[in-house]
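User: I've got a new model to go through with you. Here are the sequence and the structure.

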Amino acid sequence: MLAKLSSLISLGAMPPEKAAELGYLEHSTLDPERVSVYSFRPQPDGVVVEPIEVTREGIPDDVFYKVVESLYEETMSIHYKLQELREAT
Amino acid sequence: MSTVKVGKLRVKVPEEARVVEAYDLDEVFACSSQRPDTLIILEVGQKMLAVVVEDTGRPELKDLRRLSDSIGSLKERGLVEPRMMVLKVLHHTGLKSGRSILVELARRFRVELQECHHTPIDLDQILRKRGMLLRIR
């Protein structure tokens, strides 16, 4: 979903006719100037909220990398555990 | 740790593992271009691991798909047996941007990513990271 939002921001940075060439109408894109993104980082004593710069390239990929990587590690651990269990039965 | 050469690839194998078989899949699948590079069968303790490796430059969706799609063919040929644990490894030279998407795709295809430049595929690092050398003894 976040990747899609990022794409719509990039499309919004284009002249409408260029976005239309890719099959997107003007009302289905997002204006980078009107989008705000914040990173919420949990800390022991609360949450640190940091603004993320949105550019015509969209939302920086590294903002979500930690979340995606954590999910990846979790999925892989479960995947191998399931294989082990399958073998044991 | 030892290093084995399979086809054009060099692969680091942990001391705890014994290489049972190693296949250059370019030879096994001579008629098909849709195959990964290497299959290595490892014995670790009483467990058998089938490690399929694809070595590429800039990683693409087709590399992940090829790795996943190959498992069925390898099982049909009897090279990967049902009792084996399967690891799919994509060894690549990295991306300038789009890492999140790559990791998300690797999650979807259950593929291990290893980013290296001109170094052997390091199964020691992957198996150790996943706790398999301890767990499957």
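User: Start with a pair. Which residue is the bridge partner of Ile41(B) in strand 5 of chain B?

Analyst: Ala50(B). Strands here are DSSP runs (E, at least two residues), and so are helices (H or I, at least four), numbered from the N terminus. Two strands count as paired if DSSP finds at least two bridges between them.

User: What should I know about the model and the numbering?

Analyst: This is a predicted model, where local features need pLDDT of at least 70 and side-chain atom pairs count only at pLDDT 80 or more, while totals for chains, interfaces and linings use all residues. Residues are numbered from 1 along each chain as its sequence is written, chains are lettered from A and ligands numbered from 1 in the order written, and side-chain values use heavy atoms, with hydrogens and water left out.

User: OK, the sheet. What's the strand order?

Analyst: The order is 3-4-5-6-7, in chain B. Those five strands form an open sheet with mixed pairing. At the edges sit strand 3 (17-24) and strand 7 (112-115) of chain B, each paired on one side only.

User: How much are neighbouring strands turned against each other?

Analyst: By 25° on average, direction ignored. Axes are lines fitted to C-alpha atoms, for helices over the stretch in contact, and angles run from 0 to 180 degrees between N-to-C directions.

User: How many bridges join strand 4 to strand 5 of chain B?

Analyst: Seven. Strand 4 (residues 38-44) and strand 5 (residues 47-55) of chain B run antiparallel. Glu43(B) has Met48(B) in strand 5 of chain B as its bridge partner.

User: What packs on the sheet from chain A?

Analyst: Helix 3 (residues 65-88) of chain A does, touching strand 5, strand 6 (85-92) and strand 7 of chain B. Its direction makes about 150° with that of strand 6 of chain B. Chain B adds its own helix 3 (residues 99-109), which touches strand 6 and strand 7 of chain B. That helix makes about 145° with strand 7 of chain B. Contact means heavy atoms within 4.5 Å.

User: Back to the hairpin of strands 4 and 5 of chain B. Which residue takes a positive phi?

Analyst: Gly45(B), near 60°. Two residues lie between the strands there.

User: And the other side of strand 4 of chain B: how many bridges to strand 3?

Analyst: Seven, and the two strands run antiparallel. Ala17(B) stands opposite Val44(B) in strand 4 of chain B.

User: Why call strand 4 of chain B largely enclosed?

Analyst: Because six of its seven residues are buried. Buried means under 20% relative accessible area, exposed over 50%, partly exposed in between (1.4 Å probe, protein chains only).

User: Strand 7 of chain B next. Which side chains point to which face?

Analyst: Glu112(B) and Gln114(B) point to one face and are buried. Leu113(B) and Glu115(B) point to the other and are not. Four bridges join strand 7 to strand 6 of chain B, running parallel. One partnership is Val89(B) with Glu112(B). The chain goes from strand 6 through helix 3 to strand 7 of chain B, a right-handed β-α-β crossover. Right-handed means that, with the strands pointing away from the viewer, the path from the first strand over the helix to the second runs clockwise.

User: Core time. Which residues have the most contacts inside the largest nonpolar core?

Analyst: Leu39(B) and Leu42(B), in a core of 49 residues. Strand 5 of chain B gives the largest share, six residues. Another core lies apart, with five residues, among them Ile9(A) and Val37(A). A nonpolar core is a set of buried Ala, Val, Leu, Ile, Met, Phe, Trp, Tyr and Cys residues joined through side-chain atoms within 4.5 Å.

User: What does Leu42(B) touch?

Analyst: Beyond four places in sequence, its contacts include Val13(B), Val20(B), Leu49(B) and Leu127(B).

User: Leu25(B): buried or exposed?

Analyst: Buried, at 0% relative accessible area. Leu25(B) lies in helix 1 (residues 25-28) of chain B. Beyond four places in sequence, its contacts include Pro36(B), Leu39(B) and Leu74(B).

User: And how accessible is Leu61(B)?

Analyst: Partly exposed, at 35%. Leu61(B) belongs to helix 2 (residues 61-76) of chain B. Leu105(B) and Phe109(B) touch Leu61(B), not counting residues up to four places away.

User: Last one. What span should helix 3 of chain A have?

Analyst: 34 Å for its 24 residues, at 1.5 Å a residue. The expected span is 1.5 Å times one less than the number of residues. The end C-alpha atoms are 35 Å apart, which agrees. Its buried residues include Tyr65(A), Met76(A) and Glu84(A).
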